[in-house]
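Dear colleague,

Please find below the structure for your review. My account of what was found in it follows directly after.

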Amino acid sequence: MAPPFEAAIAVMKITVAALMTTPWIARFLEVPPDTDLVLLPGLVEGDTDILRQRYGVAVEKGPKDLREIPGYFGRAQAALEYGAYDIEILAEINNAPKLSREAVRASADYFRASGADLIDIGCTPGVEFPGLGEVVRELRGAGMRVSVDSFDPREIRTAVEAGAELVLSVNSTNLEVARDLTGTGARAVAIPDFGQSIDTLPPTLEALERWDVKYLIDPVIEPIGFGFTASLERYAEVHRRYPDVPQLMGVGNLTELTSADSTGVNTLLLAVCQETGVRAVLTTEVIPWARGAVREIDIARRLVYHAVRHHTLPKNVDDRLVTVKDPEILEFDEAELRQLHAAVKDSNFRIFTDRTTITVFNDAIFVRGTDIQEIFAQLGVDEATHAFYLGRELARAKLAITLGKTYRQEGALRWGYLTPPDDVKSEHVKLTQRRRRPGGSKTPGKAP
């Protein structure tokens, strides 16, 4: 790292950085004059305000792995400009007439918390929905924006009267109901006539403009194998014909109907949306592999907006959509690990991985291998709690190698936006039990 600033490293009198707390640091840290920022290890516990008040400078918790520090500073400027978007998310509650009021509300709350801008009430053709108006009013009363997904004029009128602001969808088969939207402020989504081309759109659009009803156009995206590429071409063509009219894309037609992790699918679809004038996307989370789709789209819309607006690649700004693999594998080679091993003076086991191999060492042992059972057998551990700890960590290390991830001892593996917060109790665990070292002697041991 060659930072464009002067840096000083403060070495504290402690062997495990994760055991430091901000009050402890405030007692022992000496900050050089003219310091602008104090960067703490990411595993440090405590409120950084204690240090801000103590030293009168900015204090941040940095990454949990020192090898991520260059990237931490490299992304700082980009982060200042990141986060804007111009695509709305409609999250559909599928088959809402078949759900209880409580289930509808729970789904709506979940979608809103995930980043949805509108809650779409998905009506079911042929199934009566006597509680539609009450459902819409309840959600509106809770401060949510609501759309209705129905071709039934009665359901559309009921939902709009109750406060729905968007109607999915209208074409020549139910166009007359759109006249009732005049003066309500509700928008309509215009689609081609069923089974027809986008050439059937003009009469619908002309009527909506005549009635002063604002609208979006949905050329309708098709599943793979049923005209997917042709449907993408329709979005591009509609954007050429009507450059000032926003479009809507039902991305759930891909994520729900393609056996693939939805993160990448959503990202590519949002890229298409950003470049073709799509300003609203409709999704749901019915199929198991599409769970989390709303959160994924919320991230993806920011990523593609940043890429298109700044004419930059959508990478090295936000890695939260890289879930199964890692954006970068941080590792030490064997020579570096043996150098670290030579400096170790205590019996605590350190565990590291590279792309193929697990390495475990303390002051007396240095073991490398790929079979975690063979590795464990060489560690000479017979105390149950310590054995459990090492077994868990070795299993996680093996998983990291298998999937192509960075392993960090006692820290959660990274799963992009799905990464759970680190367990503070696990990060700072101290095993007070005694374990047997090679050669027969016993010494107190703890997890590093």
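I begin with a contact between a charge and a ring: the charged end of K405 is placed over the ring of W415, at 4.2 Å from the ring centre. A further case involves R301, which lies over the face of Y85, 3.7 Å from the centre of that ring. Please bear in mind throughout that this is a predicted model.

Aromatic rings also pair with one another, and the structure holds six such pairs. In one of them, Y110 and F111 have ring centres 5.4 Å apart and planes at 50°, so the pair is classed as tilted; an edge-to-face pair would need planes over 60 degrees apart. The two residues differ in their surroundings: Y110 counts as partly exposed because its relative accessibility is 39%, whereas F111, with a relative accessible area of 6%, is buried.

The rings of F151 and F194 form another pair, with centres 5.1 Å apart; their planes stand at 65°, so this pair is edge-to-face. It links distant parts of the chain, since the two residues are 43 residues apart. F151 belongs to the loop between β5 (145-149) and α7 (153-162), and F194 to the loop between β7 (187-190) and α8 (201-210). With a relative accessibility of 33%, F151 counts as partly exposed. Elsewhere, ring pairs join F332, F352, F361 and F366 into a cluster.

Turning to the backbone, strand β1 (residues 37-40) pairs with strand β2 (residues 58-61) in the parallel sense, over four bridges. Within this pairing, V38 stands opposite V59 in β2. Together with helix α2 (residues 49-55), β1 and β2 make a right-handed β-α-β unit.

As to the overall form, the protein chain contains 16 helices and 15 strands. Its radius of gyration is 28 Å, whereas a compact globule of 448 residues would have one near 22 Å. Along the principal axes, the C-alpha atoms fill a box of roughly 85 × 50 × 40 Å. Of the 448 residues, 46% count as buried. Among contacts in the protein chain with a separation of 6 or more, 58% are between residues 24 or more positions apart.

With kind regards

Terms used
Residues numbered from 1 in each chain as written. Predicted model: local features only at pLDDT ≥ 70, side-chain atom pairs only at ≥ 80, totals over all residues. Heavy atoms only, no water. Pairing = 2+ DSSP bridges. Right-handed = clockwise from strand over helix to strand, strands pointing away. Phe/Tyr/Trp six-rings, centres within 6.5 Å; stacked < 30°, edge-to-face > 60°. Buried < 20%, exposed > 50% of the residue type's maximum accessible area, 1.4 Å probe, protein only. Lys NZ or Arg CZ within 6 Å of the ring centre and 35° of its normal. Rg over C-alpha atoms; globule rule 2.2 N^0.38 Å. Contact = heavy atoms within 4.5 Å.
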